[in-house]
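Visitor: I have a model open on my screen and would like some help reading it. Could you walk me through its features, one at a time?
Guide: Gladly. Let us look at it together.

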Amino acid sequence: MVETGPLDPSRGGGGRIDRVDDDEAGLFALVDQVRRIRALTTGGLFDTDLDPLTAQLREVADRLEAASASTERRQAVTWSTGDYVTNCPVVGRSNVLAPPIAFDILDDGTLRGEVTLGLEYQGPPACVHGGMVALLFDVVLGRANFHAGATGMTVYLDVDYRSPTPVLEPIVVTGRQVRVEGRKIWAQGAIHAGDRLCATAEGMFVEPGGLLLENRRRLAGG
Ligand SMILES: CCCCC/C=C\C/C=C\C/C=C\C/C=C\CCCC(=O)SCCNC(=O)CCNC(=O)[C@H](O)C(C)(C)COP(=O)(O)OP(=O)(O)OC[C@H]1O[C@@H](n2cnc3c(N)ncnc32)[C@H](O)[C@@H]1OP(=O)(O)O
């Protein structure tokens with residue numbers, strides 16, 4: 001049973017975590033522009049001829065492709081720099097899929113993040129897609145585990161959708177680690193819109209053995 005008391009969305013305080021502000025290469029600034037386009041093209045209706053804009057975007061994409069390192073090298077970077085976070089599909093500032101959410105850590109280790117999701121995350125009318133809700137939980141629980149010092153791969157994620165999670169309105173995503181037994185870790189989370197409970201989740205995570213660590217070493221080239 002998810003205990004929602006510690007996941008009260010009105011709790012404040014705490015400090016920002018996982019936020020990387022160093023944008024020396026200008027990548028976050030570039031991705032911010034792609035995000036604007038991503039948001040505007042969902043259900044896109046424009047009072048202009050799109051062909052010239054498409055040509056301009058194609059040119060930009062061609063230039064980026066010509067200048068880009070290989071997928072393999074980029075994948076290695078995400079691990080070798082320990083910079084997984086900036087590429088995460090929920091918090092990552094260089095991942096266009098990410099809203100991105102920034103989390104604060106409260107004094108008891110609970111993570112709290114506020115976000116307004118756009119139409120690109122819509123499932124049912126005016127509601128966030130249930131798969132996106134699950135993704136938000138997977139990440140907030142995983143980040144809470146990481147900051148609590150015991151982290152693992154998700155082996156089980158139980159999401160209860162209790163009331164619609166709205167798009168285009170602020171929602172608060174919370175999560176915390178609740179128990180660790182050997183390699184097994186449990187965490188719980190909630191999503192609220194105002195003080196309305198939209199969804200709760202409980203996940204179990206298992207600290208991976210050799211294979212994952214080996215993958216990481218291999219991808220990081222050492
Ligand atoms: C997330 C950390 C990853 C660490 C990577 C290394 C460095 C990374 C550094 C920073 C990381 C930062 C972020 C991480 C990035 C992304 C994470 C996002 C979260 C995800 O996106 S993650 C993807 C989806 N996730 C999977 O792709 C998991 C598939 N899975 C497996 O790869 C294996 O499952 C594995 C390796 C996890 C364990 O395998 P294994 O062989 O080491 O352990 P084993 O099978 O013995 O299980 C041990 C005990 O857990 C129980 N158990 C297992 N599964 C259960 C289940 N479903 N329900 C109930 N109990 C279960 C068993 O019953 C046993 O219990 P008992 O000991 O009591 O018998």
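Guide: A good place to start is the ligand: in this predicted model, a backbone N or O atom of V155 lies 2.9 Å from a nitrogen atom of the ligand.

Visitor: How far from a nitrogen atom of the ligand is the backbone N or O atom of T154?

Guide: For T154 the distance is 2.8 Å, again from a backbone N or O atom to a ligand nitrogen. R183 takes part through its side chain: one of its polar atoms lies 2.4 Å from an oxygen atom of the ligand.

Visitor: How much of the accessible area that the ligand has on its own does the protein cover?

Guide: The ligand alone has 1,400 Å² of accessible area, and the protein covers 52% of that.

Visitor: Which elements give two or more residues to the shell around the ligand?

Guide: There are two helices, α5 (130-148) and α6 (210-219), and two strands, β4 (153-161) and β7 (196-206). The residues around the ligand number 16, and those that come nearest are G152, T154, V155, R183 and K184. By class, the shell has 9 nonpolar, 5 charged and 2 polar residues.

Visitor: Let me pick a residue from one of those elements. Is T200 buried or exposed?

Guide: The general idea is to compare the relative accessible area with a cut-off: buried means under 20%. T200 has a value of 0%, so T200 is buried. T200 lies in strand β7, and its side chain makes a polar contact of 3.1 Å with the side chain of R162.

Visitor: And how does F146 count by relative accessibility?

Guide: Values between the 20% and 50% cut-offs are called partly exposed. F146 stands at 45%, so F146 counts as partly exposed. Its place is in helix α5. You can also set sequence separation beside spatial separation: F146 and L157 are 11 residues apart along the chain, while their C-alpha atoms are separated by 17 Å.

Visitor: What would the two separations be for Y121 and T41?

Guide: Y121 and T41 are 80 residues apart in sequence, and their C-alpha atoms are 12 Å apart in space. Y121 lies in the loop between β3 (111-116) and α5. Its relative accessibility is 7%, so Y121 counts as buried.

Visitor: Now for the empty space. How much of it lies in the largest pocket?

Guide: The largest pocket holds about 1,200 Å³ of space. Its lining comprises 34 residues, and L27, L30, V31, R74 and S94 are those that lie nearest its centre.

Visitor: Which element gives the most to that lining?

Guide: Helix α1 does, with 7 residues. The elements that each supply at least two residues of the lining include α1 (27-41), α2 (50-67), α3 (71-80) and α4 (84-87). Sorted by class, the lining has 16 nonpolar, 11 polar and 7 charged residues.

Visitor: How many cavities of 30 Å³ or more are there?

Guide: The count is 1. The largest cavity has a volume of about 60 Å³. Among the residues that line it are I17, D18, R19, V20 and V85. The cavity lining divides into 6 nonpolar, 3 charged and 1 polar residues.

Visitor: Last topic: the backbone. What should I keep in mind when reading phi and omega?

Guide: Most residues other than glycine have a negative phi, and most peptide bonds are trans.

Visitor: Then where is a cis peptide bond found here?

Guide: A cis peptide bond joins P99 and P100, with omega at about -10°. P100 is found in the loop between α4 and β2 (103-105).

Visitor: What is phi for D18?

Guide: Phi of D18 is near 65°, a positive value in a residue other than glycine. D18, which also lines the largest cavity, is found in the loop between β1 (15-17) and α1.

Visitor: And what about L168? Is it buried or exposed?

Guide: Exposed means over 50% relative accessible area. L168 has 54%, so L168 is exposed. Its phi is positive too, at about 65°, although L168 is not a glycine. L168 lies in the loop between β4 and β5 (170-181).

Definitions and conventions: Residues numbered from 1 in each chain as written. Predicted model: local features only at pLDDT ≥ 70, side-chain atom pairs only at ≥ 80, totals over all residues. Heavy atoms only, no water. Near = heavy atom within 4 Å. Polar contact = N/O pair within 3.5 Å; in protein donor to acceptor, adjacent residues only side chain to side chain. Areas by Shrake-Rupley, 256 points an atom, 1.4 Å probe, with all protein chains shown as cover. Helix = DSSP H or I, 4+ residues; strand = E, 2+ residues; numbered from the N terminus. Nonpolar A, V, L, I, M, F, W, Y, C, P; charged D, E, K, R; others polar. 1 Å grid on protein atoms, 1.4 Å probe; cavity = no way out; pocket = protein on both sides within 12 Å on 5 of 7 lines; lining within 4 Å. Points joined across faces, edges and corners; volume = space filled by probe spheres on them. Buried < 20%, exposed > 50% of the residue type's maximum accessible area, 1.4 Å probe, protein only.
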